[in-house]
Amino acid sequence: MSFPWAKEYEPKYGLTKFFDEKLPLPRLVYNAVGAGYPVPRNLSYFWNFGVLAGFCLMLQIVTGIVLAMHYAADSGIAFGSVEHIMRDVNWGWLMRYAHANGASFFFMVIYIHIFRGFFYASYKPPREMIWLLGVVIFLLMMATAFMGYVLPWGQMSFWGAKVITGLFGAIPIVGEPLQIWLLGGYAPDNAALNRFFSLHYLLPFVIAGAVILHIWALHIPGSSNPTGVEIKQESDTLPFHPYYTAKDGFGLGVFLLLFFIFLFFMPNMLGHPDNYIPANPLSTPALIVPEWYFYPFYAILRAFTFDFILPAKLWGVLAMFASILVWFFLPWLDRGPVRSGHYRPLFRKFFWFGLIPCMAALFYLGGAHAEEPYIMFSQLATAYYFLHFLVILPIVSSIERPDPMPYSITEAVLGSDKKAVLGENAEPVAV
Amino acid sequence: MIRLVGILVGLGFALVALISFVAGFITWSNEEAEETAEHAFHMEAHAPADGFDFEGPLGNWDVAQLQRGYQVYKEVCAACHSLDYVAFRNLEELGYSEEQVKAEAESWLVPGINPDTGEAMSRAGMLTDYFPSPYPNDVAAAAANNNAIPPDLSLMTKARHDGSNYVYSLLTGYNDPATYTNEAGEGFAERFPDSMPGTGLYFNPYFANLNLAMAPPLTADGQVTYSDETEATVEQMAADVAAFLTWTAEPKLIARKQTGWWVLAFTLFATILAWFAKKQVWAGLKPKRED
């Protein structure tokens with residue numbers, strides 16, 4: 001893709017010329033994340049989270065590969081091999097805590113990335129494919145994270161695996177054989193642990209592939225922006241490098257500061273103490289919960305307690321999967337002509353006073369004990385969740401009258417000052 | 001079409017969730033909420049009076065305390081509890097010399113084989129050996145302890161919420177259930193006569209379900225004779241062994257925090273540089289007034 005004013009890669013040296021002729025990798029990078037990619041000039045810091053997610057994926061892959069060199073996927077010694085990493089492997093504790101907290105931070109970043117998409121309706125045409133690939137990546141991430149949490153073979157690993165694979169048992173007729181086939185047995189054991197390890201190693205590379213498609217699809221229409229107004233002219237854009245590489249660099253620094261505070265000073269805060277107890281099929285923990293990033297969906301799963309035509313458990317499983325699958329249909333459920341929540345007064349109210357409190361409640365309730373009044377609250381939040389995406393969004397987007405919008409990104413940047421002009425945008429200030 | 005289907009599906013899920021809500025609400029409002037004994041009498045863990053030296057971002061091991069804690073483990077806890085993930089060589093981190101650790105290892109008997117006959121036997125420990133388990137297997141452990149297997153202590157302070165304080169609170173928290181009253185002044189025996197500990201169980205408000213199978217291990221001041229001048233009160237011994245078990249669970253705790261400060265300092269510096277770089281790069285783009 002490109003805009004006609006996109007800068008073209010010009011190899012200067014013999015070696016770069018040689019490469020550009022035979023294998024134009026430098027040109028690819030230049031056009032993807034270099035000066036050859038024109039980006040809206042008004043992106044806020046919410047647009048940093050794509051790059052941060054990419055960083056998290058690399059971090060997980062690198063630390064994960066090192067951990068796999070010392071880990072043993074055998075139900076008899078898996079727990080001990082993790083302790084071996086923590087105690088005897090040089091910097092093993094750093095690798096393991098970076099990997100465990102890295103997963104949490106990956107999800108924090110991805111949730112902000114997704115909710116940025118909700119607010120600015122980034123899923124709208126012409127960016128449907130980017131959105132669809134994004135939901136696929138999120139599903140792959142959930143599968144990867146779930147299987148990764150099983151590998152230390154602690155109590156929560158074992159019982160989490162048992163509960164989640166048990167969900168397949170709720171499917172009529174084929175459920176139980178399917179569950180046994182998936183686990184390679186009647187309960188999670190060595191067979192399950194080994195295949196989870198195999199898939200946990202495979203899926204990150206599948207994610208990396210999907211991320212390449214995600215970025216490729218992004219480069220067809222170009223990045224969205226906080227006004228939701230499409231790029232009209234050269235003055236609406238800046239070259240990705242150096243402007244957004246510099247901005248992402250600062251964002252990455254802030255992210256790393258937060259990450260390192262957790263990693264070095266409270267590495268177990270986001271985990272569960274029970275996972276430091278070796279897996280014991282004969283002793284059920286008082287409270288079985290997944291990692292915090294699955295709480296909203298776990299709350300939805302547990303919200304269905306009444307056998308209405310179908311068994312309650314099946315309703316819960318259907319709702320849990322539906323709660324994410326719904327995102328696939330957003331581009332066609334939201335029919336408003338305007339993207340950005342800034343110019344959609346009614347949509348914005350439902351976002352801030354409906355969806356956000358609803359998600360906050362689900363995050364809290366998913367980690368709470370399965371007892372009243374928590375279940376009642378998760379039932380209300382679950383009902384709102386489905387109403388929001390499937391009923392409120394289609395209706396609000398068709399009846400709402402958007403606020404007046406700027407004509408172009410340039411106009412939005414200049415504001416109401418009629419005499420303002422843009423600064424030089426051809427070259428960054430010489431350092 | 002897709003919106004119509006979507007609205008129907010959305011209404012469907014919302015309806016079933018709301019039916020569950022109504023059913024749950026009716027049950028809940030008709031039920032007398034019965035307070036459980038755990039809810040009324042369970043106590044959150046608290047720190048020893050002087051706290052722990054390793055707490056906080058600047059904390060460090062109190063090596064003398066770790067040594068005293070090891071002594072408490074060895075003389076009291078080790079009778080029933082294993083320490084599977086700790087090797088004798090690790091004791092050097094507690095400030096002992098290699099010779100001292102070697103001598104210490106030799107004072108333990110570990111399972112081995114007779115080098116001539118291959119028969120099972122016990123031999124003196126070596127640096128590379130791990131702490132031996134007090135029982136040959138779980139069945140023996142259960143049989144000797146009224147069916148409750150004493151858990152391994154290596155990771156205990158990480159395997160419980162607020163673990164270091166939990167171990168201290170639990171060890172000092174045993175009480176007589178017949179006379180125990182909580183902060184609200186309610187007597188345990190009067191409120192929950194059915195929850196009184198059965199045979200072989202002991203009341204302890206810091207334990208999740210209030211009654212645990214471990215008899216109070218630290219019963220009298222001076223139970224352990226410390227080689228330093230420290231007075232071996234029950235609180236002191238409990239705090240010392242809690243500190244020791246914090247080390248066994250996370251031997252790299254202090255190394256981790258100290259590394260963290262260097263990493264944070266570098267990252268902060270790099271982030272400040274990145275901020276100025278960003279400012280510099282964007283400086284030419286500020287909209288100007290054309291007067």
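A residue counts as buried here when its relative accessible area is under 20%. The model shown in every view is predicted.

**View 1. Thr410(A) sits buried in a helix of chain A.** Thr410(A) belongs to helix H16, which covers residues 409-414 of chain A. Its relative accessible area is 9%. That value falls under the 20% cut-off, so Thr410(A) is classed as buried. The side chain of Thr410(A) makes a polar contact with the side chain of Gln233(A), at 3.1 Å. Gln233(A) also appears among the contacts of Thr410(A) beyond four places in sequence. The others are Ser235(A), Asp236(A) and Leu422(A).

**View 2. Chain A as a whole, the setting of Thr410(A).** Chain A holds 16 helices and 3 strands. Its radius of gyration is 24 Å, which agrees with the value near 22 Å for a compact globule of 431 residues. The C-alpha trace spans about 75 × 60 × 40 Å along the principal axes of chain A. Buried residues make up 55% of the 431 in chain A. Of the contacts in chain A between residues at least 6 apart in sequence, 80% join residues at least 24 apart. The accessible surface of chain A is about 19100 Å², and carbon and sulfur atoms account for 71% of it. Chain A carries 25 positive and 26 negative charges, whose mean positions lie 6 Å apart.

**View 3. Trp108(B) occupies a loop between a helix and a strand.** The loop joins helix H4 (98-106) to strand S1 (109-113) of chain B. Trp108(B) has 11% relative accessibility and counts as buried. Its contacts beyond four places in sequence include the aromatic residues Tyr70(B), Tyr73(B), Phe88(B) and Phe131(B). Lys74(B) and Ala78(B) are also in contact with Trp108(B). So are Arg123(B), Ala124(B), Gly125(B) and Pro132(B). Ala208(B) is 100 residues from Trp108(B) in sequence, and their C-alpha atoms are 34 Å apart.

**View 4. Helix H6 of chain B is largely enclosed by the rest of the structure.** H6(B) covers residues 163-172, and 9 of its 10 residues are buried. The buried residues begin with Gly163(B), Ser164(B) and Asn165(B). Tyr166(B), Val167(B) and Tyr168(B) are buried too. Ser169(B), Leu170(B) and Leu171(B) complete the buried set. What covers these residues includes strand S4 (211-212) and helix H8 (234-249) of chain B.

**View 5. Chain B as a whole, the setting of Trp108(B) and H6(B).** Chain B has 9 helices and 5 strands. From the N terminus on, the elements run α-α-α-α-β-β-α-α-α-β-β-α-α-β. The radius of gyration of chain B is 28 Å, well over the 19 Å that the globule rule gives for 291 residues, so chain B is more spread out than a compact globule. The C-alpha trace of chain B spans about 90 × 65 × 50 Å along its principal axes. Of the 291 residues in chain B, 42% are buried. Among contacts in chain B with a separation of 6 or more, 65% are between residues 24 or more positions apart. The accessible surface of chain B comes to about 15800 Å², with 58% belonging to carbon and sulfur atoms. Chain B has 17 positive and 38 negative charges, and their mean positions are 21 Å apart.

Terms used. Residues are numbered from 1 along each chain as its sequence is written. Chains are lettered from A and ligands numbered from 1 in the order in which they are written. This is a predicted model: local features need pLDDT of at least 70, side-chain atom pairs count only at pLDDT 80 or more; totals for chains, interfaces and linings use all residues. Side-chain values use heavy atoms; hydrogens and water are left out. Helices (H or I, at least four residues) and strands (E, at least two) are DSSP runs, numbered from the N terminus. The radius of gyration is taken over C-alpha atoms; the globule rule is 2.2 Å times the number of residues to the power 0.38. Buried means under 20% relative accessible area, exposed over 50%, partly exposed in between (1.4 Å probe, protein chains only). Contact means heavy atoms within 4.5 Å. Accessible areas come from the Shrake-Rupley method with a 1.4 Å probe; for residues, only the protein chains shown count as cover. Lys and Arg count as positive and Asp and Glu as negative; His and the chain ends are not counted. The place of a charge is taken as NZ of Lys, CZ of Arg, CG of Asp or CD of Glu. A polar contact is a pair of N or O atoms within 3.5 Å; within protein, one must be able to donate a hydrogen and the other to accept it, and residues adjacent in sequence count only if both atoms are side-chain atoms.
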